[in-house]
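Work through these exercises with the structure open beside you. Try each task before reading its solution.

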Amino acid sequence: MREFGTTIFAEMSALAVKTGAVNLGQGFPDTDGPKEMLDAAAEALASGRNQYPPGPGVPELRQAIAAHQRRWWGLDYHPDGEVLVTAGATEAIAASILALCEPGDEVVCFEPYYDSYAASIALAGAARRPVTLRPVDGRYRFDADALRAAFGPRTRMVLLNSPHNPTGKVFTRDELALIASLCVEHDVFAVTDEVYEHLVFSDADSPHLPLATLPGMRERTLRISSAGKTFSCTGWKVGWASGPPELVAAVLRVKQFLTFVNAAPLQPAVAVALRLPEAYFREYQADMEAKRDLLCDGLDDAGFSVFRPEGSYFVTADISGLGAGDGVAFCRSLPERCGVVAVPTQVFYDDPEAGRRIVRFAICKRPEVLADAAARLRRLRA
């Protein structure tokens, strides 16, 4: 773990506090989730559900997770044995990698990547084999030959995030089909981080498509999601992993020595949220898309070259048009220059040059906060 220091999120959030800047660095909302969920949590707290829950998660949540995946994606998981509740998606990812990878194994992943991926791979003694996502005509793409070349005799796993943080890319059916075919050809596992599954925007090239739905993939895929993003409760840390019984059992074996169990009174509340009517999810997506458009227009007005995201909480932008060439230096100076915090994406690459001029902003804030940030960023043109 020597290569891993204080996260960029901690550094930028500290800058926001120090300067009073609008913090668009870290991806957490500034509003609470649905009232039905919050009321259910309060009821659970008051009714004594405050002790250790069952190791795999409370039955009503596991049942709700299974029903939710059947309802939205046509995936049939048995709540007993094929669904595991975790301390957020981050624990599910870490436990999956630790459970399935041995020292010297290789993990194919797409850079830039969420920072916990690299740390979890390092903890397992495995090695990263990154495939770089690059902006082409305003959308992030990867080279198919580079992906094929990343697979080898030591490949153990593909780690896929779609919709993708930090780029906002939604992987297309053709891209997923290629990934699936390589997993089958090389007989490797897939771990899919799908926490933004309900946040695909209307102008995306493709709708959200779980990799596990493709031929040959259900039996080799651990599908991960969480309540934090979909229900605006990132501090609850309630996530889950779904997959074939032998893979879920392996993850549980690791998870029991990480957090053991978590969030007893919050689990039944998440079960309520997962069963909300379709209107909630449609309104959530439309609200976040409007926020995306508001911030993207503001960034464009400020002189950034904006890569309009297809999904997720984030928008990335190139700083070259503002005369800047280094994202870290730019983000460290931004709070003092105009009172806004962003995150440099180069810290999410094995090849920092690929993202040196790209920075990330969070869209998951109230419209008035985004409008204020956009007004402040326009000072950069001066």
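**Exercise 1.** Find the partner of Lys-169 in a salt bridge, and decide whether each side chain is buried or exposed.

*Solution.* Lys-169 forms a salt bridge with Glu-175. The closest N and O atoms are 2.9 Å apart. That fits the definition: a side-chain nitrogen of Lys or Arg within 4 Å of a carboxyl oxygen of Asp or Glu. Now check burial. Buried means under 20% relative accessible area, exposed over 50%, and partly exposed in between (1.4 Å probe, protein chains only). Lys-169 has 1% relative accessibility, so Lys-169 is buried. Glu-175 has 13%, so Glu-175 is buried too.

Two notes on the basis of these values. The model is predicted: local features need pLDDT of at least 70, side-chain atom pairs count only at pLDDT 80 or more, and totals for chains, interfaces and linings use all residues. Residues are numbered from 1 along each chain as its sequence is written, and side-chain values use heavy atoms, with hydrogens and water left out.

**Exercise 2.** Locate the salt bridge between Glu-11 and Arg-332, and say which helices hold the two residues.

*Solution.* Start with the contact. The N to O distance is 2.7 Å. Next, place the residues. Glu-11 sits in helix 1 (residues 8-19) and Arg-332 in helix 11 (residues 327-338). Helices (H or I, at least four residues) and strands (E, at least two) are DSSP runs, numbered from the N terminus. The pair links distant parts of the chain, 321 residues apart. Last, accessibility. Glu-11 is partly exposed at 28%. Arg-332 is partly exposed at 46%.

**Exercise 3.** Asp-80 and Arg-62 meet in a salt bridge. Work out which parts of the chain this pair ties together.

*Solution.* The side chains meet at 2.7 Å, N to O. Asp-80 lies in the loop between helix 3 (59-73) and strand 2 (83-86), and Arg-62 lies in helix 3, so the pair ties together parts 18 residues apart in sequence. Asp-80 is exposed at 53%. Arg-62 is buried at 8%.

**Exercise 4.** How many salt bridges does a search of the whole structure find?

*Solution.* The search finds 32. Some link into a network: Asp-203, Glu-289, Arg-292, Asp-293, Asp-297 and Arg-308.

**Exercise 5.** Trace the open sheet of 4 strands and name its edge strands.

*Solution.* The order is 11-12-15-14, with antiparallel pairing. Two strands pair if DSSP finds at least two bridges between them. Strand 11 (305-307) and strand 14 (343-344) are the edges, each pairing on one side only. Strand 11 joins strand 12 (residues 314-318) by 3 bridges. Phe-307 stands opposite Thr-316 in strand 12.
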